[in-house]
Amino acid sequence: MAPEPEPEDGRELYALLHLSPESSDEEIRRAYRQYAQIYHPDKYQDPQMKDVATENFQRIRDAYEVLSDENKRQIYDIYGMEGLNSGLELGPKLNKPEEIKRQLDELRRRKEEEKFFVHARSTGSVIANFSVPQYLDGDNIMKGMGMSSQIELPVSKLNTVTVGGNLVVNGAAGTGAATAVLRHQLSSVSSIDFMATVGLRSLIGVQTFRQISPNSTATSGLALSLRDGSINLSNGWTRQLSENTVGNIQLVLGNESNISVGWQKKDEKFSATGEVKIGTNSFGASAHYTHHFSSKSHGRVAGRVGSTALDFEIGGGRRISEFSTVRMLYNIGIQGVSWRFELNRAGQKLVIPVLLSTDLNALFVTGAFAIPSTLYFLLQTYVVKPYYLKREKQKTLEKMDSLSTQLTEARQAAKKAQRLLEPVSNRKKNKQLENDGLVITKALYGDRKKIKESSELSDIDDNIASQVLDVTIPLNFLVTEAGQLKLHEGIKKSGIMGFYDPCPGDPKLLLVEYTFHGQQYKVMADDYGALLIPQDIHRI
């Protein structure tokens, strides 16, 4: 059986009422009554104290409503607050834990399917070709245009349908095609695609994919042309050569038989690819290298050589938002000198190639590269970089201010909760003093390193105080009449009434110094660790 998921909230409701997950119904009622007597709003006349009591009483009542209801408690124990907020309707038929778990599993499955179907992936591109020489000759500056679009839609956990199309217009002529692919997942390591294309190259085909080893995959395909009846066979092999490098071989047999060998290497700083392709009627080789200067900018160099192409390309790009990237490339080849502008956003691409000249004049070639490069570096150095540095700094400051505000409010809320606990806490402390029992003399909760530093100091300086909280009052309140204090295993201590998390994300400790029968004791406990005092091993 699969392990049950652990709640992600640190069992906060149990911490709030100072209970163990194994607590009985009577223990839950007793804990609720104890805290209700402290935080009931009717006990306070002062408006501020009344507001604090009302807020904390609501938290206690909400926790009690969940833990005192057998069905809700079962859901909370299995799935935490996510399960309670999932929309499951509890009824008289859901009396057994296994029934609740079965219903929750079904609900989670339905929600996963809904999420699965919603996430259809759409990609598309628009290419607008411009030609300056054509415009200078008196023709339209727009040389041609192309559009393509594709949407991938899961229809079940094992089947995915992909539908796409493209349209190309060049002068007064145009072509188009539409494609549909059904992918069926045969197993965790294999799948099969059925495809059909209508338009300029109408065909039907099938392709299989299989992972033949942890580092190798293979594909095989067959395509039948509906125009001339020709058949193309294809086979491909891909192998992981190293942690960052992949190699592949592709063999195609048919009207345009060819074999290609390629590789790709990619890590955080750069990516590079290369391919050599030899066919019955053509040959070619290509390579490109992209270097990431930072998380937002990159440079690119690429080249192609072969029977139908000879060009060199250089340029760069920058991420301008979370989902958008712009790129400018300079290209020189047998067709002339051109610029290419690209905008990529969330799977959609706009490409604008601009042919500047068909003549490879040395002065023009140099100027076409130098002028935009100089402008780019000037803008990057004096405009873009300072702007982004300023914006990042502002975002960091805003994030720090927001976190600081949240921590300040949480500290104030914990202090206010302690103020209401203090009278009862002091009465319990005085009673323990009279009986020479358990008295918490010092208790600090917070950052592990700061707690260890403060354990050696008599006074807490400002540097330490911001990351630790004095919790002497709430711990004295939790001491039982028998002179014991027990904190339960697996319960995050920041959820205890009068506590809060002063350093989110960092390891935390609880330091407790106490006296018992005239002796001094000292102990530290991890955030989720159990603690039972007094014990002789804690004696100083």
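# Exercises on a predicted structure

Thr290 sits in strand E12, which spans residues 283-292. Keep in mind as you work that this is a predicted model.

**Exercise 1. Is Thr290 buried or exposed, and which residues does Thr290 touch beyond its neighbours in sequence?**

Step 1. Look at the accessible area: for Thr290 the relative value is 8%.
Step 2. Compare this with the cut-off, since buried means under 20%. Thr290 is therefore buried.
Step 3. Now find the contacts, leaving out residues up to four places away in sequence: Thr290 touches Lys269, Phe270, Ser271, His298, Gly299 and Arg300.

**Exercise 2. Where does His40 lie, and which residues is His40 in contact with?**

Step 1. Place the residue: His40 belongs to the loop between helix H2 (25-39) and helix H3 (47-67).
Step 2. Check its exposure. With a relative accessible area of 29%, His40 is partly exposed.
Step 3. Set aside the neighbours within four places in sequence, and the contacts of His40 are Ala53 and Phe57.
Step 4. Compare sequence with space: His40 and Gln58 are 18 residues apart in sequence, and their C-alpha atoms are 9.1 Å apart.

**Exercise 3. Are the rings of Tyr32 and Tyr64 stacked or edge-to-face?**

Step 1. Recall how such a pair is described: by the distance of the centres and the angle of the planes.
Step 2. The whole structure has nine aromatic pairs. In the pair of Tyr32 and Tyr64, the ring centres are 4.2 Å apart and the planes meet at 15°, so the pair is stacked.
Step 3. Ask what the pair joins. Because Tyr32 lies in helix H2 and Tyr64 in helix H3, the pair ties together parts that are 32 residues apart in sequence.
Step 4. Finish with exposure: both Tyr32 and Tyr64 are buried.

**Exercise 4. What kind of pair do the rings of Tyr445 and Phe499 form?**

Step 1. Take the two values: the centres are 5.4 Å apart and the planes are at 55°, so this pair is tilted.
Step 2. Locate the partners. Tyr445 lies in strand E18 (residues 439-447) and Phe499 in the loop between strand E20 (485-487) and strand E21 (508-516), so the pair ties together parts 54 residues apart in sequence.
Step 3. Check both for exposure: Tyr445 is buried, with a relative accessible area of 0%, and Phe499 is buried too, at 6%.

**Exercise 5. Which residues do ring pairs link into a cluster with Phe477, and which residue lies over the face of Phe477?**

Step 1. Follow the ring pairs: they link Tyr35, Tyr39 and Phe477 into a cluster.
Step 2. Look at the face of the Phe477 ring, where Lys428 lies over it at 4.7 Å from the ring centre.

**Exercise 6. How much space lies in the largest pocket, and which strand supplies the largest share of its lining?**

Step 1. Start with volume: the largest pocket holds about 810 Å³ of space.
Step 2. Turn to the lining, which has 32 residues; those nearest the centre of the pocket are Asn129, Arg304, Gln335, Ser338 and Pro353.
Step 3. Sort the lining by class: 15 nonpolar, 11 polar and six charged residues.
Step 4. Find the strand: E2 gives the largest share, five residues.

**Exercise 7. How many cavities of 30 Å³ or more does the structure hold?**

Step 1. The structure holds one such cavity.
Step 2. About 60 Å³ of space lies in the largest cavity.
Step 3. Its lining has five nonpolar, three polar and one charged residues; among the lining residues are Ala15, His18 and Lys493.

Technical notes. Residues numbered from 1 in each chain as written. Predicted model: local features only at pLDDT ≥ 70, side-chain atom pairs only at ≥ 80, totals over all residues. Heavy atoms only, no water. 1 Å grid on protein atoms, 1.4 Å probe; cavity = no way out; pocket = protein on both sides within 12 Å on 5 of 7 lines; lining within 4 Å. Points joined across faces, edges and corners; volume = space filled by probe spheres on them. Nonpolar A, V, L, I, M, F, W, Y, C, P; charged D, E, K, R; others polar. Helix = DSSP H or I, 4+ residues; strand = E, 2+ residues; numbered from the N terminus. Buried < 20%, exposed > 50% of the residue type's maximum accessible area, 1.4 Å probe, protein only. Contact = heavy atoms within 4.5 Å. Phe/Tyr/Trp six-rings, centres within 6.5 Å; stacked < 30°, edge-to-face > 60°. Lys NZ or Arg CZ within 6 Å of the ring centre and 35° of its normal.
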